[in-house]
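Here is a short tour of the strands and the nonpolar cores in this protein. Have the viewer open and follow along as we go.

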Amino acid sequence: MGIDGVAVAAAFGLGRPSGPWRSLDNGGAPTDSRLLVTSRGRWTVRTGRLLSDWHLEQARRVHRLQRAALAAGIAMPRPVEPPAPAVGYWHRPSVDERTVVRVSAWLDGHDLRQAGVDANADATAATGWVGRTLARIAGLDTGGGEPDPPHPVAEWREWVAEAEAGGLPVAAPARALLPVVADATALVHDAMRAAPAAVLVHGDTSRANVLRTPDGYALIDWETARAEVPWWEAVDVAFRFATPVNGPTVAPDPRLVRPLLAAYLHADGPPGPADPSAFAGLLRSQLAFTAWSLWLALGHRAATPEQRAHGLRIVTATARDLPGIIRSLDGWTTLLH
């Protein structure tokens with residue numbers, strides 16, 4: 001099956017396309033999602049690549065969590081069951097083909113990233129829903145697992161050396177990151193030694209992935225599901241939610257952090273200590289995302305020029321912001337009470 005709108009509509013039984021699909025906006029980042037309109041409705045089509053055993057297991061992990069969340073009534077775009085052969089919700093046109101495709105029903109609405117008063121009002125209104133939803137996800141019976149540890153600092157040094165040897169523009173910001181990467185990695189490892197049990201969580205609950213619809217809020221983009229300590233996930237989400245640019249920042253808004261965490265705890269979300277260890281999930285996710293961005297900037301994973309440029313922007317921004325985040329952790333703990 002060629003990956004185009006006509007073939008996808010036929011494979012998933014979506015009806016007759018009424019025109020070509022169009023790429024969806026992703027806030028200036030490269031996107032793998034498209035809107036497809038057919039005689040049976042509107043659909044979000046996402047393409048991807050299964051490059052390793054890890055990707056196969058991740059597809060199954062996402063499927064397990066999303067099915068449980070759907071059964072529990074958590075609002076989301078409803079996935080379309082894929083035709084065989086399939087891995088989770090992904091249709092794999094050929095067992096020898098790494099390109100995969102998944103489809104979900106389109107939801108009308110907008111995410112909460114838009115700048116201005118309306119976005120802040122939306123975020124404030126959404127905090128209770130988000131906190132309760134995090135608690136509900138933490139209570140699902142989906143199994144857990146061990147959270148992935150951060151990449152060793154030695155690997156970061158290897159990536160920096162690769163960038164410098166290639167004369168790549170990402171070399172300077174990547175080298176500038178090394179000291180703060182070491183500090184963040186040490187904090188995460190210290191917290192993990194005494195961490196409670198992890199569960200499967202959404203993994204990317206942010207302003208970008210909370211949709212305001214005519215029927216209320218919905219949580220989209222479940223592809224980053226991972227094992228995490230629920231309290232660490234709630235703290236990560238609260239601080240990322242506290243800034244219009246999908247943070248975290250060094251000045252999170254208490255009017256968003258505290259109500260979100262209060263709603264999570266009131267809905268019986270598992271609690272945790274109000275000390276810097278609570279930010280282990282935030283730091284680990286930021287380190288993982290920055291490592292991925294650095295790989296793209298280096299040209300790994302068959303990165304396109306657009307993806308390489310995006311990776312450079314993320315690494316540069318992280319080199320600027322992460323030292324301030326580390327310095328702010330002690331002060332941030334006051335918002336956890």
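Let's begin with an open sheet of three strands, arranged in the order β7-β9-β10 with antiparallel pairing. Its edges are β7 (110–111) and β10 (216–219); each has a single partner strand, so one side of each lacks a neighbour in the sheet. Keep in mind that the model is predicted.

Within this sheet, two bridges hold β7 and strand β9 (residues 210–213) together in the antiparallel sense. If you would like a pair to look for, His110 has Arg212 in β9 as its bridge partner.

Another antiparallel pairing links strand β3 (residues 41–49) to β6, this time through seven bridges. Here Arg46 sits opposite Arg102 of β6. How many of the seven residues of strand β6 are buried? The count is six, so strand β6 (residues 99–105) is mostly covered under a cut-off of 20% relative accessible area.

The two pairings for which a facing residue pair is named can be set side by side:

| Strand pair | Bridges | Facing residues |
|---|---|---|
| β7 and β9, antiparallel | two bridges | His110 and Arg212 |
| β3 and β6, antiparallel | seven bridges | Arg46 and Arg102 |

Now for the interior. In soluble globular proteins, nonpolar side chains tend to be buried together. The largest nonpolar core in this model contains 71 residues, and Val130, Trp156, Trp222, Phe239 and Leu283 have the most contacts inside it. Helix α5 (residues 171–193) supplies the largest share of this core, with 10 residues. A second core, separate from that one, has 11 residues, among them Val8, Phe12, Val45 and Val80.

Definitions and conventions:
Residues numbered from 1 in each chain as written. Predicted model: local features only at pLDDT ≥ 70, side-chain atom pairs only at ≥ 80, totals over all residues. Heavy atoms only, no water. Buried < 20%, exposed > 50% of the residue type's maximum accessible area, 1.4 Å probe, protein only. Helix = DSSP H or I, 4+ residues; strand = E, 2+ residues; numbered from the N terminus. Pairing = 2+ DSSP bridges. Core = buried A, V, L, I, M, F, W, Y, C linked by side-chain atoms within 4.5 Å.
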